[in-house]
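Work through the two exercises below with the predicted model open beside you. Each task is followed by a solution that goes step by step.

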Amino acid sequence: MLKELDTRQLRVLRALLEECSVTQAARKLDQSQPNVSLTLRKLRDIIGDRILVRSGSKLVPTERGRALLAHVRAVLDGIDKIVGAPAIFDPEVSTAPFRIASADCMEAIFLPPLVQRLRQQVPGAPVIVRGIDASFDYAEALERDHLDAVICNWPGAPGHLKTAHLMTEDIVCLMDARHPLAGRGQLTIDDYLAADHIAPVARSRADPGPIDLQLAELGLRRKIQTMVAEFNLIPHMLLSSELIFTSSARFAGYFSSLMPLHWAPAPRTFGKLKFFLLWHERAHSDARNIWLRSQISSVARGIEASKDRTHKS
């Protein structure tokens with residue numbers, strides 16, 4: 001019949017084999033010497049070996065006892081990992097890559113400060129960023145530990161994913177500086193629906209994107225004349241065309257500062273663009289993932305704060 005050992009007995013066994021002294025083991029464990037002696041007698045009965053034997057004035061381990069020490073240490077280390085506090089994430093020594101998937105509309109406004117922040121604080125860890133398209137199942141990648149986090153601007157993420165709101169952006173229309181609607185101020189809904197639009201390729205039929213979802217809720221549909229797979233190619237395609245592109249104010253502001261483009265506020269019937277952080281339940285309590293999420297949220301707060309300062313000035 002298999003005899004059981006409890007954790008307390010294993011800790012006494014480790015101390016005895018390490019100290020080769022009942023007195024020293026008792027002191028190390030903060031127990032009485034008679035209590036440790038009693039446990040040793042029980043261990044001898046359970047294991048079927050003397051474990052420690054006297055050699056003159058000393059105790060020395062038997063061959064069986066000597067062989068047991070490594071096993072006892074390994075078992076107790078495993079138990080401590082199970083019941084102990086989670087590992088602490090140390091940015092200064094971490095080398096594991098950060099794996100982030102991001103909606104492409106975030107590339108110009110969010111990823112540069114985020115990557116810079118991660119590189120400064122975790123210099124030994126690579127940062128791997130990939131886009132999200134119709135062929136990429138980001139939810140499965142999070143579940144399989146192929147991704148750490150997702151930054152996106154669509155609501156309704158799968159229910160098994162954790163979600164946090166990151167930031168909110170105004171919706172504007174970007175166009176060539178010579179577009180007929182340039183300089184008119186805020187567009188009316190009639191102007192908007194009459195215009196020719198360019199848009200990124202939808203991720204799926206069920207998810208045409210946040211702009212078209214908002215229009216559908218209003219019972220409206222715009223005229224999309226051109227669709228492209230590469231989001232950041234769109235501003236270049238606006239040049240010398242009569243297409244307009246609906247995006248976040250920060251995205252439009254960034255490209256209008258680089259190119260002869262103009263942006264105007266979208267019709268009042270539009271709401272806001274909301275951006276979210278997604279992660280999987282399996283990583284919710286992981287110290288490294290918690291740290292990464294805090295960095296992403298901090299960058300979002302910085303962007304929001306800079307927007308507020310710009311509005312006030």
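**Exercise 1: the largest pocket**

The largest pocket has a volume of about 830 Å³. Find which residues lie nearest its centre and which elements give two or more residues to its lining.

*Solution.* Begin with the lining, which consists of 38 residues, with Pro200, Val201, Ala202, Pro208 and Gly209 lying nearest the centre of the pocket. Next, turn to the elements that give two or more residues to this lining, which are strand S8 (196–200), helix H8 (210–217), strand S9 (223–228) and strand S10 (243–248). Of the contributions to the lining, that of H8 is the most, with 5 residues. Finally, sort the lining by residue class, which gives 23 nonpolar, 6 polar and 9 charged residues.

**Exercise 2: the two sides of a helix**

Determine which residues of helix H3 are buried, and what covers them.

*Solution.* Helix H3 spans residues 33–47, and its 15 residues reach 21 Å from the first C-alpha to the last, close to the 21 Å expected at 1.5 Å a residue. Taking buried to mean under 20% relative accessible area, the buried residues of H3 are Val36, Thr39, Leu40, Leu43, Arg44 and Ile47. They lie on the same side of H3 because they cover an arc of only 145° around the axis. An α-helix has 3.6 residues a turn, so residues three or four places apart point the same way. On the face of H3 turned away from the buried side are the exposed residues Pro34, Arg41 and Asp45. The cover over the buried residues includes helix H1 (7–19), helix H2 (22–29), strand S1 (52–55) and helix H4 (63–83). Last, follow the chain just past H3, where glycine 48 takes a positive phi of about 80°.

Terms used: Residues numbered from 1 in each chain as written. Predicted model: local features only at pLDDT ≥ 70, side-chain atom pairs only at ≥ 80, totals over all residues. Heavy atoms only, no water. 1 Å grid on protein atoms, 1.4 Å probe; cavity = no way out; pocket = protein on both sides within 12 Å on 5 of 7 lines; lining within 4 Å. Points joined across faces, edges and corners; volume = space filled by probe spheres on them. Helix = DSSP H or I, 4+ residues; strand = E, 2+ residues; numbered from the N terminus. Nonpolar A, V, L, I, M, F, W, Y, C, P; charged D, E, K, R; others polar. Expected span 1.5 Å × (residues − 1). Buried < 20%, exposed > 50% of the residue type's maximum accessible area, 1.4 Å probe, protein only. Arc of directions from axis to C-beta. Contact = heavy atoms within 4.5 Å.
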